[in-house]
Protein chains: 6
Amino acid sequence: MTRPIILTTGQWADLPLEVLAQKLQAWGYEGVELGSGGDHFDVEACLSSDRYAREKKDLLVKYGLKCYAISNHSVGQCICDDILDERHKAIIPASVWGDGKAEGVQRRAAEHMINAAHAAVLMGVPVVTAFTGSSIWRKLYFWPPTSDEVIEAGYRDFAGRFTPIFDAFAGLGVRFALEVHPTEIAYDIHTMRKALQAVDHHPAFGINFDPSHLIHQFVDPVKFLESFPERIFHMHVKDTRRNLDGFNSILASHLNFGDPRRGWDFVSPGHGDVDWEQVMRTLNRIGYQGPLTIEWEDSGMDREWGAQDALALVRRYSFPASGQAFDAAFARRE
Amino acid sequence: MTRPIILTTGQWADLPLEVLAQKLQAWGYEGVELGSGGDHFDVEACLSSDRYAREKKDLLVKYGLKCYAISNHSVGQCICDDILDERHKAIIPASVWGDGKAEGVQRRAAEHMINAAHAAVLMGVPVVTAFTGSSIWRKLYFWPPTSDEVIEAGYRDFAGRFTPIFDAFAGLGVRFALEVHPTEIAYDIHTMRKALQAVDHHPAFGINFDPSHLIHQFVDPVKFLESFPERIFHMHVKDTRRNLDGFNSILASHLNFGDPRRGWDFVSPGHGDVDWEQVMRTLNRIGYQGPLTIEWEDSGMDREWGAQDALALVRRYSFPASGQAFDAAFARRE
Amino acid sequence: MTRPIILTTGQWADLPLEVLAQKLQAWGYEGVELGSGGDHFDVEACLSSDRYAREKKDLLVKYGLKCYAISNHSVGQCICDDILDERHKAIIPASVWGDGKAEGVQRRAAEHMINAAHAAVLMGVPVVTAFTGSSIWRKLYFWPPTSDEVIEAGYRDFAGRFTPIFDAFAGLGVRFALEVHPTEIAYDIHTMRKALQAVDHHPAFGINFDPSHLIHQFVDPVKFLESFPERIFHMHVKDTRRNLDGFNSILASHLNFGDPRRGWDFVSPGHGDVDWEQVMRTLNRIGYQGPLTIEWEDSGMDREWGAQDALALVRRYSFPASGQAFDAAFARRE
Amino acid sequence: MTRPIILTTGQWADLPLEVLAQKLQAWGYEGVELGSGGDHFDVEACLSSDRYAREKKDLLVKYGLKCYAISNHSVGQCICDDILDERHKAIIPASVWGDGKAEGVQRRAAEHMINAAHAAVLMGVPVVTAFTGSSIWRKLYFWPPTSDEVIEAGYRDFAGRFTPIFDAFAGLGVRFALEVHPTEIAYDIHTMRKALQAVDHHPAFGINFDPSHLIHQFVDPVKFLESFPERIFHMHVKDTRRNLDGFNSILASHLNFGDPRRGWDFVSPGHGDVDWEQVMRTLNRIGYQGPLTIEWEDSGMDREWGAQDALALVRRYSFPASGQAFDAAFARRE
Amino acid sequence: MTRPIILTTGQWADLPLEVLAQKLQAWGYEGVELGSGGDHFDVEACLSSDRYAREKKDLLVKYGLKCYAISNHSVGQCICDDILDERHKAIIPASVWGDGKAEGVQRRAAEHMINAAHAAVLMGVPVVTAFTGSSIWRKLYFWPPTSDEVIEAGYRDFAGRFTPIFDAFAGLGVRFALEVHPTEIAYDIHTMRKALQAVDHHPAFGINFDPSHLIHQFVDPVKFLESFPERIFHMHVKDTRRNLDGFNSILASHLNFGDPRRGWDFVSPGHGDVDWEQVMRTLNRIGYQGPLTIEWEDSGMDREWGAQDALALVRRYSFPASGQAFDAAFARRE
Amino acid sequence: MTRPIILTTGQWADLPLEVLAQKLQAWGYEGVELGSGGDHFDVEACLSSDRYAREKKDLLVKYGLKCYAISNHSVGQCICDDILDERHKAIIPASVWGDGKAEGVQRRAAEHMINAAHAAVLMGVPVVTAFTGSSIWRKLYFWPPTSDEVIEAGYRDFAGRFTPIFDAFAGLGVRFALEVHPTEIAYDIHTMRKALQAVDHHPAFGINFDPSHLIHQFVDPVKFLESFPERIFHMHVKDTRRNLDGFNSILASHLNFGDPRRGWDFVSPGHGDVDWEQVMRTLNRIGYQGPLTIEWEDSGMDREWGAQDALALVRRYSFPASGQAFDAAFARRE
């Protein structure tokens with residue numbers, strides 16, 4: 001059970017893929033999850049050209065890398081979000097945004113997501129990682145008083161928009177891995193349970209496990225994994241540090257990432273509050289077989305220093321599980 | 001420095017004010033903050049009738065009570081909120097909702113807030129407690145990527161809408177006490193600082209201090225008080241308990257109050273995580289002279305049992321400050 | 001939902017029942033769980049005399065008390081324990097001990113337990129509280145190496161001995177409440193689950209919930225209650241304090257109760273590590289309707305002082321649950 | 001074992017003793033430790049008049065009070081302190097200060113301490129509570145580098161000055177109770193051990209146990225008591241609260257008592273970090289038979305409110321020890 | 001003071017000693033504690049052949065290794081255990097088990113233990129590590145009520161059986177190192193004190209210090225070492241992790257090692273709750289001169305990966321003590 | 001922003017500078033802060049010889065080292081300390097001590113400090129690190145009762161003695177870096193603020209930040225840095241471990257460094273309670289540009305082992321800050 005250690009490329013979109021690939025090979029990475037920024041990956045280009053997928057794979061092979069997943073987070077965000085603004089426009093293709101009217105954007109985003117599954121087939125990867133958006137995220141704090149029915153409607157909206165997508169994925173043999181994350185339909189254990197129920201536990205619907213989004217919620221990543229052992233389709237190695245001193249709020253005070261007054265922030269893996277050893281042991285225990293995907297983000301550390309530091313961290317905890325039942329092998333314990 | 005212990009009536013709107021007043025007298029309360037539900041208080045009725053305010057005051061006097069503040073929270077919510085829905089409609093007067101189009105509702109809500117100050121004058125109370133709403137609350141989590149400019153615009157919007165209100169309050173000698181609270185323009189120390197800056201520290205703008213909204217953010221109520229000692233215009237005795245066991249999220253999982261899976265919930269004062277002794281000592285130290293206003297809310301306790309329990313709690317911590325400098329009075333310490 | 005506050009009489013067996021009853025009335029108790037020591041209760045006398053049960057009940061009524069349960073712990077211990085010694089002999093009737101050979105004692109103890117259910121019918125009480133003993137307790141620490149099969153055999157032994165007992169109880173409409181406790185077949189959440197499975201979730205088999213036996217195991221009493229909400233047939237208000245300073249062991253060092261070097265000890269309710277408020281709220285939430293039974297034991301406190309202190313504690317946390325859904329009743333929350 | 005609850009009068013020296021005695025009787029106190037401020041007690045006056053002691057006792061008896069100890073802290077401070085300044089002058093009789101040259105002051109202070117033992121005999125009290133001062137306190141932090149010999153010399157100085165005092169006390173049947181306290185020769189467990197060794201465990205030398213001086217040192221009061229069970233001659237009920245938030249220093253920043261920036265401060269008993277229940281249980285266990293002496297000091301609370309609050313606290317924890325071995329009395333535990 | 005880092009071979013009994021020795025040399029180990037499983041070491045073969053010991057030593061020398069101790073744990077277990085079953089039979093030589101009747105097994109086990117000392121002499125090693133068993137372990141929880149006399153009898157039984165063994169060891173110049181461990185006569189600080197008293201502090205009786213057995217008891221390994229500085233004859237580097245989440249019991253729920261529901265489990269050194277730095281500093285301070293013996297056991301990690309990881313851990317903390325008194329060497333500190 | 005990692009030489013004064021320099025080069029150090037012990041540095045020799053400074057620099061250059069600061073701690077101690085004894089005499093030049101009368105020593109020490117600034121100019125280093133002493137340190141604990149005026153006088157004394165020194169430093173372009181430390185005029189955040197006020201925030205007066213002196217006070221080093229971001233002129237990498245177990249006092253019990261009964265002690269960096277990652281991130285954030293100066297002191301570790309271990313630690317946390325605003329560079333975050 002030696003799992004490849006790879007990088008998700010979204011935060012490196014300013015570098016041409018080939019430049020990044022060279023670096024990754026030099027550092028010792030074994031593959032990538034391709035993000036859609038820069039020249040890294042373009043779903044529609046992939047579908048419209050016979051050569052696109054082959055050339056991407058060839059480029060990666062040249063540097064000893066393999067693609068394990070396609071990321072389509074930004075477009076996914078626009079499928080259930082129903083209040084859209086310039087922030088959404090900035091992160092999705094113009095063809096999806098169109099005139100920016102919500103219902104049309106949502107519909108085109110859903111189509112694009114299915115296209116991403118087709119692209120995954122062409123790339124030979126088994127999973128698309130993504131967001132879903134949510135029509136009820138902004139009603140998180142139950143004031144003004146919010147009825148249970150309002151919340152139920154939000155999950156039904158998700159089910160209505162995503163069941164056809166999951167059906168399409170299932171037909172193509174590709175899995176959809178939601179990055180459980182605030183702003184999405186599921187962001188913790190209880191909401192993930194609810195989301196699974198909403199789509200009748202659709203077999204194509206699973207999780208891109210990223211503990212950095214759980215830590216600032218005080219959700220234990222180990223309990224999360226144990227709650228959904230069959231649904232961990234992909235995982236991100238990313239970390240968060242809580243910074244609570246009585247002045248700072250866990251809600252982060254409308255301050256941007258990197259501001260020391262925030263109650264929490266993303267940090268390079270191993271520099272935050274994730275207990276990586278227990279996460280890795282639990283992944284061993286539940287039989288997760290996918291890649292260990294470093295998603296690197298830390299406003300206080302040089303990016304290239306960090307990418308190498310993170311790789312070393314993951315290797316430190318990548319010990320194999322015991323190959324045998326313990327007491328079966330030994331005559332005694334002392 | 002014996003401060004009156006009173007009740008804010010919002011959670012008792014199902015009882016006629018006179019029924020409630022009888023109970024309060026029997027339990028030992030000294031006054032009320034009048035909420036706008038049921039027959040408790042109606043801003044517009046107050047302004048349109050010469051007798052309204054006098055009759056309310058007489059009724060209270062009959063039961064040994066006095067009114068110390070007017071609550072106008074719900075209408076305040078609609079001044080800066082720009083995405084309005086049925087939840088808002090349910091909590092404000094039909095005259096303010098009108099056709100429900102945002103800009104009109106916001107304008108009428110602002111007018112109503114100024115009317116509340118006029119009503120306060122008629123009632124002889126020095127403070128209106130309220131919410132402000134916020135055009136940026138729903139952008140709390142900075143995804144999709146949110147620029148600082150977007151946030152600045154939100155504070156400017158608040159300043160633009162509220163400066164005239166604060167001017168009107170100042171002209172009437174009434175103070176506006178924002179209940180610092182998620183969903184509002186300020187909900188913690190950093191955002192309250194930002195809000196004060198946005199309105200140039202307008203003298204009519206202060207705080208209805210309610211520690212129950214800080215506890216689940218991990219903000220220390222004592223540090224909050226010490227940050228704004230001059231701006232504490234009113235305070236609520238209300239409590240919150242965090243319930244974090246690794247399964248539950250501090251964001252509360254879109255579950256309603258009272259659900260044991262929430263990561264936090266409101267509880268009767270003294271049954272949660274507020275350190276009341278330190279809060280009370282700090283109020284003594286900064287010279288807060290207003291009432292101690294119990295706001296009672298606990299989904300797991302009988303309301304009348306709780307109202308009496310809360311009063312006993314407040315009395316337990318209502319010790320007078322030392323009347324003299326300590327070492328000045330004593331020959332020595334051993 | 002006002003539950004009676006009663007006392008279990010085992011620790012007071014040195015006092016004649018009438019003397020104890022007088023005291024209980026004076027202190028404000030509402031009833032008893034009768035233990036089998038002294039003249040308090042004798043299962044076999046009860047079955048052999050028409051008057052016995054009536055006279056006991058009359059005596060209790062004379063002091064305003066009612067019997068809510070029969071305790072048959074000591075005899076129960078001898079049903080599954082298969083290594084018996086003088087310690088067992090000292091606590092059970094001579095008729096059950098007989099010649100002291102294990103299998104015979106175990107069989108006679110099982111018969112006596114069924115008799116206790118008959119006695120409960122005569123007394124008009126719905127529940128017998130008891131222990132079960134265990135043939136595997138002494139193999140708790142898995143050294144020498146212990147196979148899973150050895151453990152499974154222990155649970156099968158329990159099922160074999162107790163299923164007929166539970167059947168008899170069910171036939172009589174009486175419930176068997178195991179005090180989950182080290183030395184018994186179930187002493188925590190995982191072993192209670194296992195015990196329930198072993199007897200196919202027999203409807204007559206439930207729990208006498210006593211958090212004092214969980215605290216020194218670091219099991220959360222609230223999580224215990226939430227794991228078996230339908231099986232809480234009775235409960236004991238008893239407390240434990242952990243005393244871990246690096247020198248003391250949680251296993252208690254073969255030191256007797258009351259020795260300050262123990263890593264934990266029993267203490268009067270409210271003087272230990274049980275979070276009574278959360279226990280009581282959870283009992284409210286799961287709808288427990290039985291008595292709140294104080295079991296008093298504290299080696300460092302006068303017994304009569306303690307019995308009154310404990311009653312005051314229970315009253316402090318015996319607040320009624322909310323009579324109504326919270327948001328349904330109120331127009332708004334502020 | 002019902003121990004009297006009394007007050008030490010030092011902090012009330014601004015009130016004539018009779019005024020204080022009236023209040024104490026009204027509040028329910030049973031006696032006093034007389035301090036030397038105001039008209040409370042004067043060692044030299046006591047020795048020079050046949051009537052002085054009798055009149056003091058009569059006055060106390062008039063209000064149902066008894067004197068249990070004489071406090072002579074301030075004079076004691078000047079016995080080992082060898083750098084004296086205006087601060088010392090302010091707290092001792094002019095006759096002891098004289099010309100203020102250190103060696104003379106120290107000698108006269110020692111004589112006065114022996115006089116205090118004579119006065120105790122006249123008053124019929126068995127213990128004088130006091131300080132010792134220390135010639136090495138100011139070398140506490142070992143910079144500039146301090147040799148062990150320098151420290152040893154400090155303890156020898158203490159032994160040289162105090163052995164004659166302890167001999168005199170022993171001859172009179174009076175005990176000397178050092179309030180273990182920073183600035184004295186002993187202020188924690190290790191220094192008390194050292195001080196006892198320095199005077200060969202003189203039988204007249206013991207402890208006035210006051211946990212408020214241990215809490216800010218992070219010394220556990222229970223471990224302190226267990227270290228010197230035979231030497232607890234008297235005790236003070238006084239409390240301390242640590243106030244460490246990352247900004248404040250446990251060394252208190254040269255800020256006076258009452259300043260909220262201090263890392264710790266004295267507070268009314270039960271409002272600080274002393275675990276009174278464990279202190280009281282330990283006093284029971286080691287067989288302490290003396291009074292429970294409230295020393296009241298809290299810069300943030302009204303003094304008279306506090307004196308009554310403290311009395312209620314002590315009563316709450318003054319439960320008698322168990323009168324019998326637990327298992328001896330009961331047939332069984334369930 | 002460079003102590004050799006070695007491995008105890010019990011958990012590797014499935015590998016022929018030579019295969020293991022090759023691996024140990026490659027990894028950098030310096031020696032072994034020989035366990036009695038597989039072909040590693042056989043006490044009786046050693047005594048019956050002139051060549052056995054020499055050949056074992058030669059084999060080790062071939063791989064740069066040395067033997068520092070003989071382990072005879074399993075046979076030791078049967079000396080005081082008086083309830084024996086198949087679990088015991090499985091771990092001891094058939095010649096010791098014989099007909100399996102307790103008293104005979106106990107006697108033969110005692111003889112075998114003395115033989116182990118003879119074998120140690122032949123091997124040139126100064127210490128035999130072992131267990132003792134205990135006739136009272138199964139009475140750990142004091143229910144049914146257990147008298148102090150029952151416990152005292154258990155220690156007397158130990159003294160009676162082991163004093164002749166210790167005498168024999170002393171005569172041979174070999175030391176007996178009990179691995180302080182649940183199921184043995186001593187398993188924590190208080191019981192080790194008791195065991196030492198029971199044999200009048202026999203000079204041949206000491207400790208094989210293994211902190212993994214203390215951690216789940218909440219006993220501080222540093223306090224353990226400081227309590228018996230002269231008696232640490234050997235030590236094991238082994239680790240334990242507590243896994244207490246409110247559902248799990250520190251008593252481990254009759255679940256086997258490796259089950260994630262256990263309240264604690266063994267883990268590779270450095271992956272658990274032992275504070276190795278403080279353990280190593282304390283070993284330096286008390287002058288422990290023996291080997292640092294890794295005992296490797298972790299149900300969630302590959303054994304060979306772990307053996308190397310553990311060696312690296314021990315090296316990291318194997319810093320030499322300061323060679324000189326600190327202040328003696330330096331002119332000053334800044 | 002790659003800061004040099006250097007060593008302060010005070011603790012190595014027993015080694016000739018050249019011997020030390022050889023070692024430092026071999027280990028990988030980049031420079032030194034020269035202390036005044038042994039042949040390392042002599043202020044007066046430097047001023048009296050044209051060659052002294054050049055030769056020192058040449059010697060360092062020979063081993064690839066550079067001098068970044070001059071340490072003049074011991075002489076500085078005698079500027080404000082007004083009770084001087086043999087301990088002071090032992091650490092300063094005889095020419096400064098003279099006849100040892102306080103006022104004269106203080107005056108000569110002040111002159112010597114100005115000379116140190118001249119020497120710094122000759123050496124080409126921008127900062128002198130030092131102590132100040134304090135006339136009020138020994139009045140730290142406010143007993144006997146200490147007036148605020150007494151404390152104020154202490155700060156005025158400091159201002160009077162040091163303002164001319166700071167003026168001289170400013171004239172020479174050298175900065176004075178006080179090592180904030182118990183026994184000095186400033187030892188925490190509040191006293192540093194006070195000291196800065198006392199000298200009107202003199203631009204030559206700043207801080208030699210050493211977190212080891214804050215940890216045992218429970219002052220957060222990060223909060224310290226954030227309080228004085230402009231005044232961090234130099235920093236020491238030194239660590240402290242708290243050792244509080246209920247027996248030990250944070251005041252350290254008049255026990256010397258290295259005694260395990262102390263409540264805290266200095267340890268090699270990374271072996272104590274300093275959170276180096278947060279310290280380093282904060283230094284990045286506030287733009288500290290000076291050297292990272294290891295001051296090595298640990299009574300339980302070999303000095304040379306430690307110096308290398310410390311260097312490795314610092315390198316581990318010496319990651320560069322992010323070169324760019326995070327969100328500016330990336331198209332999106334997932």
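How many bridges join strand 1 of chain E to strand 2 of chain E? In this predicted model, the count is 3, and the two strands, residues 5–8 and residues 31–34, run parallel. One pair is easy to pick out by eye: look for L7(E), whose bridge partner in strand 2 of chain E is V32(E).

Those two strands belong to something bigger. In chain E, 8 strands form a closed barrel in the order 1-2-3-4-5-6-7-10, and the pairing is parallel. Going round this sheet, neighbouring strands are turned against each other by 30° on average, if direction is ignored. A helix also lies against the strands: helix 7 of chain E, residues 102–123, goes across strand 2, strand 3 (66–71), strand 4 (127–130) and strand 5 (175–179) of chain E. With strand 4 of chain E, helix 7 makes an angle of about 140°.

Now for chain D. Here, too, a barrel of 8 strands turns up, closing in the order 1-2-3-4-5-6-7-10 with parallel pairing. From one strand to the next, the twist averages 30°. To see where the ring comes round to its start, find strand 1 of chain D (residues 5–8) and strand 10 of chain D (residues 292–294), which run parallel and are joined by 3 bridges. Across that join, L7(D) stands opposite I294(D) in strand 10 of chain D. Helix 7 of chain D (residues 102–123) packs on the sheet and touches strand 2 (31–34), strand 3 (66–71), strand 4 (127–130) and strand 5 (175–179) of chain D, with its direction at about 140° to that of strand 4 of chain D. Helix 8 of chain D (residues 148–172) packs on the sheet as well, touching strand 4, strand 5 and strand 6 (205–209) of chain D. Its direction makes about 140° with that of strand 5 of chain D.

Next, how do the chains meet? Take chain C and chain E: 55 residues of chain C are in contact with 55 residues of chain E. The size of an interface is often given as the accessible area lost when the parts come together. For chain C and chain E, the buried area is about 5,200 Å², with 66% coming from carbon and sulfur atoms. Three residues, R87(C), Y141(C) and H254(C), supply 18% of what chain C buries against chain E, more than any other three residues. The rule finds 2 salt bridges across this interface, and D85(E) forms a salt bridge with K139(C), where the closest N and O atoms are 3.8 Å apart. There are also 28 residue pairs in polar contact between chain C and chain E. Elements giving two or more residues to chain C's side include helix 8 (148–172), helix 9 (189–198) and strand 9 (264–267) of chain C. By type, the residues on that side are 26 nonpolar, 18 polar and 11 charged.

Chain F and chain A make another interface, in which 21 residues of chain F are in contact with 36 residues of chain A. Together they bury about 2,200 Å², 49% of it on carbon and sulfur atoms. The rule finds 2 salt bridges here, and in a salt bridge between D245(A) and K223(F) the N to O distance is 2.8 Å. Polar contacts between chain F and chain A come to 5 residue pairs. On chain F's side, two or more residues come from each of helix 12 (276–286), helix 13 (303–317) and helix 14 (326–329) of chain F. Helix 12 of chain F gives the most, with 5 residues. Chain F's side divides into 7 nonpolar, 4 polar and 10 charged residues.

How values were computed
Residues numbered from 1 in each chain as written. Chains lettered and ligands numbered in written order. Predicted model: local features only at pLDDT ≥ 70, side-chain atom pairs only at ≥ 80, totals over all residues. Heavy atoms only, no water. Contact = heavy atoms within 4.5 Å. Buried area = accessible area lost by both parts, 1.4 Å probe. Salt bridge = Lys/Arg side-chain N within 4 Å of Asp/Glu carboxyl O. Polar contact = N/O pair within 3.5 Å; in protein donor to acceptor, adjacent residues only side chain to side chain. Helix = DSSP H or I, 4+ residues; strand = E, 2+ residues; numbered from the N terminus. Nonpolar A, V, L, I, M, F, W, Y, C, P; charged D, E, K, R; others polar. Pairing = 2+ DSSP bridges. Axes fitted to C-alpha atoms, helices over the stretch in contact; angles between N-to-C directions.
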